[in-house]
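Here is a short set of exercises to work through with the model open beside you. Try each task before you read its solution.

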Amino acid sequence: MLEKNVELNGKTIVVTGAAGFIGANLSMELLKSAQEVHIIGIDTMNDYYDVALKEFRIKQIQELEATMPCKFTFIKENIANKAVIEDIFASYKPQIVVNLAAQAGVRYSIENPDAYVESNLIGFYNILEACRHSYDRGEKGVEHFVYASSSSVYGSNKKIPYSTEDKVDNPVSLYAATKKSDELLAHAYAKLYGIPSTGLRFFTVYGPAGRPDMAYFGFTNKLVQKKTIQIFNYGHCKRDFTYIDDVVTGIKAVMQCAPLPNEEDVRYKIYNIGNNHPENLLDFVEILQEELKKAKVLPSDYDFEAYKEFVQMQPGDVEVTYADVSALEQDFGFKPATSLRDGLRKFAQWYKEFYHL
């Protein structure tokens, strides 16, 4: 296991994408588990999906903050605005930066590529530049830069499970290409300016208050409205579903261990964070509808079969995602382990409460 070399207690931590699914849950975990931490949460609050969900998450954080000795400062801004980001870093002088802000979604990148270039490339570059300039002011500078990559970088790789040692030069979506570009940019800045950087390739993150564009959430919305759900690739897909609490545990562990210089003298590392257990899409939808019935989101006699439609694979999608998490387990003694049924049960219970069903 790696020795902790970055103390969280008493630190100022920038979390971009703080109103997002992962960013909000990470912010709450840090408020609960670190002492005298000051979190600077940045989010543009765009309307890619229901803004009410983002407002709900921010409210959750603020309500928790009121009961804790730690501090959360929310800044509604776009990381693509370089002047604003520079000002935030100059004012708050963060020691740790977790960049989770990004335009997500594989299919949406085909419809609206500009959003991905703005957030995932320009915005990411602005955060890197702000980290670099943190060393120019005579301070210690950013001790660790942690950022979200994606399992999408593996593209249509045939070798499974996906390892961080695999070559990932064949993206099948613009989204994947931007995430791979982020990894390259982070490596260059780690090499040139000594910024300790760790990238995290997330695998299909799900859970309560998640993203409505994800299959489990979108399927639920449609089933409640008695609309047909489309099952892609005729059901012959597998996904490595990773529960949000496991993801947050992984991020927090990584934050405290900035990479030491590798064989090329670069303080740079990549990890997969996945459940290491891909689920067949048909099994997934079966478990989902069972848990929705148990939570009384759907009636017990709901005719699930009547609302299924099998369709072909969509552009940008891949057939299987499967994370090799041996490096995560070796370095941190941690491996995501929440079962899909347990995770979907918690989601179903939250959905019922949130939508007052």
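The exercises below deal with helix packing, salt bridges, single residues and backbone geometry.

Before you start, please note that this is a predicted model, in which local features need pLDDT of at least 70 and side-chain atom pairs count only at pLDDT 80 or more, while totals for chains, interfaces and linings use all residues. Residues are numbered from 1 along each chain as its sequence is written, and side-chain values use heavy atoms, with hydrogens and water left out.

**Exercise 1. Helix 7 and helix 9**

Task: describe how helix 7 and helix 9 pack, and list the residues that meet.

Solution:
- Step 1: locate the elements. Helix 7 covers residues 215-224 and helix 9 covers residues 281-294; helices (H or I, at least four residues) and strands (E, at least two) are DSSP runs, numbered from the N terminus.
- Step 2: take the geometry. The two helices pack at an angle of about 55°, and their axes are 11 Å apart. Axes here are lines fitted to C-alpha atoms, for helices over the stretch in contact, and angles run from 0 to 180 degrees between N-to-C directions.
- Step 3: classify the angle. Helix 7 and helix 9 are therefore oblique to each other, given that angles under 35 degrees count as roughly parallel, over 145 as roughly antiparallel, 65 to 115 as roughly perpendicular and the rest as oblique.
- Step 4: find the hand. The crossing of helix 7 and helix 9 is right-handed; that is the label if the near helix is turned clockwise from the far one by less than a right angle, and left-handed if anticlockwise.
- Step 5: list the contacts (heavy atoms within 4.5 Å). From helix 7 come Ala-215, Tyr-216, Phe-219, Thr-220 and Leu-223, and they meet Phe-284, Val-285, Leu-288 and Leu-292 of helix 9.
- Step 6: sort the residues. This contact of helix 7 with helix 9 has eight nonpolar residues, one polar and no charged. Ala, Val, Leu, Ile, Met, Phe, Trp, Tyr, Cys and Pro count as nonpolar, Asp, Glu, Lys and Arg as charged, and the others, Gly among them, as polar.

**Exercise 2. Helix 7 and helix 11**

Task: repeat the analysis for helix 7 and helix 11.

Solution:
- Step 1: the angle is about 50° and the axes lie 12 Å apart.
- Step 2: that makes helix 7 oblique to helix 11, and the crossing is right-handed.
- Step 3: Tyr-216, Phe-217, Thr-220, Asn-221 and Val-224 of helix 7 make the contact with Leu-344, Phe-347, Trp-350 and Tyr-351 of helix 11.
- Step 4: the residues of this contact of helix 7 with helix 11 are seven nonpolar, two polar and no charged.

**Exercise 3. Salt bridges**

Task: how many salt bridges are there, and which parts of the chain do Glu-29 and Lys-252 link?

Solution:
- Step 1: apply the rule, a side-chain nitrogen of Lys or Arg within 4 Å of a carboxyl oxygen of Asp or Glu. The count comes to 13 salt bridges.
- Step 2: look at Glu-29 and Lys-252, whose side chains meet at 2.8 Å, N to O. Glu-29 is in helix 1 (residues 21-33) and Lys-252 in helix 8 (residues 244-255), 223 residues apart.
- Step 3: turn to Glu-291 and Arg-341, which form a salt bridge of 2.8 Å, N to O. Glu-291 in helix 9 and Arg-341 in helix 11 (residues 340-354) are 50 residues apart.
- Step 4: check accessibility, where buried means under 20% relative accessible area, exposed over 50% and partly exposed in between (1.4 Å probe, protein chains only). Glu-291 is buried at 1%, whereas Arg-341 is partly exposed at 28%.
- Step 5: widen the view. Glu-290, Glu-291, Lys-294, Arg-341, Asp-342 and Arg-345 are linked in a network of salt bridges.

**Exercise 4. Ile-96**

Task: is Ile-96 buried or exposed?

Solution:
- Step 1: Ile-96 is found in strand 4 (residues 96-99).
- Step 2: with 0% relative accessibility, Ile-96 counts as buried.
- Step 3: not counting residues up to four places away in sequence, Ile-96 touches several residues, including Val-6, Leu-8, His-144 and Met-255.

**Exercise 5. Backbone geometry**

Task: which peptide bond is cis, and what is phi at Lys-296?

Solution:
- Step 1: the bond from Ile-160 to Pro-161 is cis, with omega near -5°. Pro-161 sits in the loop between strand 5 (144-150) and helix 6 (174-193).
- Step 2: Lys-296 has a positive phi of about 65° although it is not a glycine. Lys-296 lies in the loop between helix 9 and strand 13 (308-310) and is exposed, with a relative accessible area of 63%.
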